[in-house]
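Trainee: I would like to go through the labels used for this structure and ask what stands behind each one.
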Amino acid sequence: MTSNMQCRNQFNLISVNDFKNSDIKSIFEIADSKKFNVKNGGLGISLFFENSTRTLLSFESALLNCGLKSVRFDVSSSSIAKEETVINTIRTINSYSPDFLIMRSKQTGEPLIYQKYLDSNTKMINAGDGTGEHPTQALLDFYTILQVLNIKFSDSCLKNITIAIAGDIMHSRVARSNIFLLSRFGAKIILISPLSFLPQSIRNFYSNLGCSFAYTLREIKANFVMLLRIQKERMEGKARLTFPSNFGIFNEADLNHAYLMHPGPINERVEITEDMAYLSSKSLISKQVENGSLIRSAIIKFLSDK
Ligand code: CP
């Protein structure tokens, strides 16, 4: 049973596992068609407790692409500063009857918990929760992979594809959603991380999902390398970890012919160079950003028609 169905009799997007393969096929078809218009319009509210550029802007433009109105809830100027709780904030938002509440939270699991404070006509979309999930990022990454290799969607469309995910895996909701999603469609996933960013408990968890492991990018041959930055914002109170000096993608040779992906934001000269991110013909980073708007528009359209 999927996470949203346990709580509500409607269609929310909290985890990539909330979408069946046929749902994802429909979303990709909507993205291909670029026909996003929602008949009766509606309202979407974005509620972001953590900073964002790509996800926030692409969701807000997606709502407009679909003919909905978009309202941004500014946490810093809201009554949360007067100690109103998040639950009561969501109850208040619910009173305005939005069609969508798009929520990014610092704490893992919050969208799953807070969805029950919304009426059934408001759909919750998880825009990234702590170290939990970032389902729309994984969906746009999946779409980008199929697009660049011109692969037709099917239940096993990634069966010949190897994807290396490299960097701060332990703190990454992007890694988690991509591992769930891409392995479901047959991809071989290799996790590459200094030990300090991939403790044994998390290795065991991902090993049980079929992932394999390597210590450097030079050891492996992959079709795609997804690079992750160090997520310092999840290290409060902990000693700040750093990558070893030989870790990252700093020239074409480091890629070993793979395509380069990165969810952004990039940290230049930490895990990647500006040239590799924006000038290399193997970099898909700008394409990922472009597809973010496309896929989020398709998700809004798909969920609106549910
Ligand atoms: N990839 C991603 O979630 O980027 P933002 O934090 O800028 O939204």
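Mentor: Start with a cut-off: buried means under 20% relative accessible area. Keep in mind that this is a predicted model.

Trainee: Why is C66 called buried or exposed, whichever applies?

Mentor: C66 has 0% relative accessibility. The cut-off for buried is under 20%, so C66 counts as buried.

Trainee: What makes C211 buried or exposed?

Mentor: The relative accessible area of C211 is 7%. Buried requires a value under 20%, therefore C211 is buried.

Trainee: How many disulfides does a search of the whole structure find?

Mentor: The search finds 0 disulfides. A disulfide is a covalent bond between the sulfur atoms of two cysteines.

Trainee: Why does C211 have no such bond?

Mentor: The closest cysteine sulfur to that of C211 belongs to C157, and it is 17 Å away. A disulfide needs the two sulfur atoms within 2.5 Å, so C157 is too far from C211 for a bond.

Trainee: Now the ligand. How do you know which residues make polar contacts with the ligand?

Mentor: The cut-off is a pair of N or O atoms within 3.5 Å. A backbone N or O atom of T53 is 2.9 Å from a ligand oxygen atom, and one of R54 is 3.0 Å from a ligand oxygen atom. For H134, a polar side-chain atom lies 2.9 Å from an oxygen atom of the ligand. These distances meet the cut-off, so each pair is a polar contact.

Trainee: How much of the ligand's accessible area does the protein cover?

Mentor: On its own the ligand has 260 Å² of accessible area, and the protein covers 92% of that. The ligand sits in the largest pocket.

Methods
Residues are numbered from 1 along each chain as its sequence is written. This is a predicted model: local features need pLDDT of at least 70, side-chain atom pairs count only at pLDDT 80 or more; totals for chains, interfaces and linings use all residues. Side-chain values use heavy atoms; hydrogens and water are left out. Buried means under 20% relative accessible area, exposed over 50%, partly exposed in between (1.4 Å probe, protein chains only). A polar contact is a pair of N or O atoms within 3.5 Å; within protein, one must be able to donate a hydrogen and the other to accept it, and residues adjacent in sequence count only if both atoms are side-chain atoms. Accessible areas come from the Shrake-Rupley method with a 1.4 Å probe; for residues, only the protein chains shown count as cover. On a 1 Å grid over the protein atoms alone, a cavity is a set of points where a 1.4 Å probe fits but cannot get out, and a pocket is an open set with protein on both sides within 12 Å along at least five of seven lines; lining residues have an atom within 4 Å of a point. A molecule sits in a cavity or pocket if more than half of its atoms lie within 2 Å of its grid points.
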